[in-house]
Amino acid sequence: MIAQLGLRRLQKHFRAYCELDRWSFDPRYTNGRCPICGWAPEGAPTAPAWLMLARRVDWEIFGLLVLAIFLVVLGLVVAQAAGFTPPTTHSHLPASGIASGARIASGAR
Ligand SMILES: [Zn+2]
């Protein structure tokens, strides 16, 4: 109740009045239309400001990009933890500078 009043104070107060139904309403929460007869007042916002902003973003492409980045990072973390070296290096050759510490230790014995 208190939070709702605070939010209303932050946003620009907009109320429409339907002459036909003698009904006052906030068009932001009724898709910009009168909830009784469907009359749309001119220049009325159709949604709250945050929802207008969220509709402009293509969330499917955004989610796909986030997933791709996450999978690359996850792959790097797993490769690091497993001591994975690039496929161009041959494991049977004498230990080079690229080999991990675990391999150098086992090769010394
Ligand atoms: Zn109406």
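The paragraphs below lead through a predicted model of a protein, beginning with the overall fold and moving on to individual residues and their contacts.

The protein has 109 residues, of which buried ones make up 13%. Its secondary structure consists of four helices and two strands, and, read from the N terminus, these elements follow one another in the order α-β-β-α-α-α. Among the contacts that join residues at least 6 apart in sequence, 9% link residues at least 24 apart. The accessible surface amounts to about 9,400 Å², and carbon and sulfur atoms account for 67% of that area.

A convenient place to start with the details is the pair of strands and the loop between them. Strand β1 covers residues 16–18, and the loop that separates it from β2 contains Arg22. The backbone of Arg22 has a phi near 55°, which is a positive value in a residue other than glycine. This deserves a remark, because most residues other than glycine have a negative phi. Arg22 counts as exposed because its relative accessibility is 67%, which is over the 50% above which a residue is classed in this way.

After β2, which spans residues 23–25, the chain enters the loop that leads to helix α2 at residues 49–56, and Arg28 is found in this loop. Asp26 lies in the loop between β2 and α2 as well. The side chains of these residues, Arg28 and Asp26, meet in a salt bridge, with a distance of 2.8 Å from N to O, and the count of salt bridges comes to one. Seen from the side of Asp26, the interaction is also a polar contact between its side chain and that of Arg28, at 2.8 Å.

Where does this pair sit, buried or exposed? Both Arg28 and Asp26 are buried. The cut-off for this class is a relative accessible area under 20%, and Arg28 is therefore counted as buried at 8% relative accessibility, while Asp26 is buried with a relative accessible area of 6%.

The loop between β2 and α2 holds further residues that can be described individually. One of them is Asn31, which is placed in this loop and has a positive phi of about 60° although it is not a glycine. Asn31 counts as exposed, because its relative accessibility is 55%. Another is Gly38, which also lies between β2 and α2 and counts as partly exposed at 27% relative accessibility. The C-alpha atoms of Gly38 and Cys18 are 9.7 Å from each other, although these residues are 20 apart along the chain.

The next part of the description concerns helix α3. This helix comprises residues 59–81, and within it Trp59 and Phe62 are three residues apart, which is about one turn of the helix. The count of aromatic pairs comes to one. In that pair, the ring centres of Trp59 and Phe62 are 5.5 Å apart and the ring planes stand at 90°, so the arrangement is classed as edge-to-face. The reasoning rests on the angle, because planes over 60 degrees apart are counted as edge-to-face. Trp59 is partly exposed, with a relative accessible area of 48%, and Phe62 counts as partly exposed at 45% relative accessibility.

Trp59 has a further interaction beyond its aromatic partner: a polar atom of its side chain lies 2.8 Å from the backbone oxygen of Ala54.

Helix α3 also contains Ile61, which counts as partly exposed because its relative accessibility is 47%. Which residues form a nonpolar surface patch together with Ile61? They are Leu65, Ile69, Val73 and Val77, and the patch made by these residues and Ile61 measures about 470 Å².

Taken together, the details fall into a few groups. In the loop between β2 and α2, Arg28 is found, joined to Asp26 by a salt bridge, and both residues are buried. In helix α3, Trp59 and Phe62 are placed about one turn apart, while Ile61 belongs to a nonpolar surface patch.

Conventions: Residues numbered from 1 in each chain as written. Predicted model: local features only at pLDDT ≥ 70, side-chain atom pairs only at ≥ 80, totals over all residues. Heavy atoms only, no water. Salt bridge = Lys/Arg side-chain N within 4 Å of Asp/Glu carboxyl O. Buried < 20%, exposed > 50% of the residue type's maximum accessible area, 1.4 Å probe, protein only. Phe/Tyr/Trp six-rings, centres within 6.5 Å; stacked < 30°, edge-to-face > 60°. Patch = residues over 30% accessible without salt bridge, like charges linked within 9 Å, V, L, I, M, F, W, Y side chains within 5 Å. Areas by Shrake-Rupley, 256 points an atom, 1.4 Å probe, with all protein chains shown as cover. Contact = heavy atoms within 4.5 Å. Polar contact = N/O pair within 3.5 Å; in protein donor to acceptor, adjacent residues only side chain to side chain.
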